[in-house]
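Subject: Structure for you to look at

Dear colleague,

I am passing on the structure below, and I would be glad if you could read the notes that follow alongside it.

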Amino acid sequence: YSQKTYAERGREHAHPLCRELFATMERKQSNLAVAADVSTKAELLALADAVGPYICVLKTHIDIVADFDADLIARLQALAASHGFMIFEDRKFADIGNTVKQQYGGGVYRIADWAHITNCHIIPGEGIIHGLAEVGRPKGRGLLLLAEMSSAGMLATGAYTDKNVEMAIANDFVIGFIGSRRFTEERDLITMTPGVGLHASGDALGQQYRTPSHIIAENGSDIIIVGRGIYGPGKDAAAEALRYRDAGWSAYLQRLGSK
Ligand code: UP6
């Protein structure tokens, strides 16, 4: 799949959400997701609006928004529709199936009502996927498995990563992975990669950055996830998003060219 265009993969994909996502990526020439880790409603909406033209996915951590309310969701959905991006709530579910069902569908955030994509750890076993699927599948949502993480000393390696791949292939609610590379050719599963930066090499708490070209052109990942590289102090978020969009897209063209 690394050698196919996003447009081709979109046309051939079995999951409607992936067909739409690939079509968006092709139309906007963007494999950029922005990690919008800001702590107020106003900041989140302003950031989403500024980077909206350049992204295929907006990744949220909705539980860090101090003044969260239903109006925030309505406005985020309006921005997603007007700019044409999908919302990925990076919830990293990790409990038993029966519990995650309630966390995904209910509570304060009602994630399944508005997030096109969410993700989970498979540490509890396959029941977590089945629980989330019961809620998300009827709504046309998709799930990513955390096959690897970007941080120093992370424990998702070897046989654990392989288990993620096995479970992803076996469950049609799973549309892909969080990880650093392409994991399988058995079905078209999308890899989204966090820990991407053009300059910094990491932070004080274990984050490690690699470049778009390393991740997309060499490793065969599909989407780069960039947070602080885009909206750090003194940065113009729209200008940085455009820069990362171009870097991600040229890495993708480089990959296709290396057939
Ligand atoms: N994230 C990682 N690494 C992972 C999984 N998720 O960094 O393995 C998420 C973080 C954050 C974003 O929760 O939202 O990706 C990275 O942000 P940054 O670019 O500002 O480091």
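Let me begin with the interior: of the 72 residues in the largest nonpolar core, those that touch the most other members are L32, A33, V34, I55, L132 and I224. Such a core is a set of buried Ala, Val, Leu, Ile, Met, Phe, Trp, Tyr and Cys residues joined through C-beta atoms within 7 Å, where buried stands for 20 or more other C-beta atoms within 10 Å of a residue's own, exposed for 12 or fewer and partly exposed for anything in between, the C-beta atoms being placed from the backbone. In soluble globular proteins, nonpolar side chains tend to be buried together. For A33, setting aside neighbours within four places in sequence, the contacts are I55, C56, V57, K59, F88, M192, I223, I224 and I225; contact here requires C-beta atoms, placed from the backbone, within 7 Å.

Please keep in mind that this is a predicted model, in which local features need pLDDT of at least 70 and side-chain atom pairs count only at pLDDT 80 or more, while totals for chains, interfaces and linings use all residues. Residues are numbered from 1 along each chain as its sequence is written.

As for the annotations, an unreviewed UniProt entry gives residues 31–242 as "domain: Orotidine 5'-phosphate decarboxylase"; its positions follow the numbering used here, feature names are shortened, and annotations may be inferred rather than shown by experiment. The end C-alpha atoms of that span lie 11 Å apart, and the span is 35% helix and 18% strand, helices (H or I, at least four residues) and strands (E, at least two) being DSSP runs numbered from the N terminus.

The unreviewed entry places the feature "active site" at D90, K92 and D95. D90 is found in strand β3 (residues 86–93) and is buried because 23 other C-beta atoms lie within 10 Å; beyond its neighbours within four places in sequence, D90 is in contact with K59, T60, H61 and N119. D95, by comparison, sits in the loop between β3 and α5 and counts as partly exposed, with 17 C-beta neighbours inside 10 Å, and its contacts outside the same sequence window are V100 and P124.

The annotation "binding site", also from the unreviewed entry, covers D37, K59, S150, Q207, G227 and R228. S150 belongs to the loop between β5 (142–146) and α7 (158–170), whereas Q207 lies in the loop between β7 and α8, yet S150 is in contact with Q207, as well as with P194, G195 and Q208. Both are partly exposed, S150 with 19 other C-beta atoms within 10 Å and Q207 with 18. H199 is likewise placed in the loop between β7 (190–193) and α8 (212–218), but H199 is exposed, since 7 other C-beta atoms lie within 10 Å.

Finally, the axes of helix α5 (residues 97–105) and helix α6 (residues 127–136) come within 8 Å and cross at roughly 35°, with axes fitted to C-alpha atoms over the stretch in contact and angles running from 0 to 180 degrees between N-to-C directions. Residues meeting across this pair include V100, K101 and Y104 in α5 and H130, L132 and E134 in α6. The residues of this contact divide into 5 nonpolar, 7 polar and 2 charged, with Ala, Val, Leu, Ile, Met, Phe, Trp, Tyr, Cys and Pro counted as nonpolar, Asp, Glu, Lys and Arg as charged, and the others, Gly among them, as polar.

With best wishes

Definitions and conventions:
Contact = placed C-beta atoms within 7 Å.
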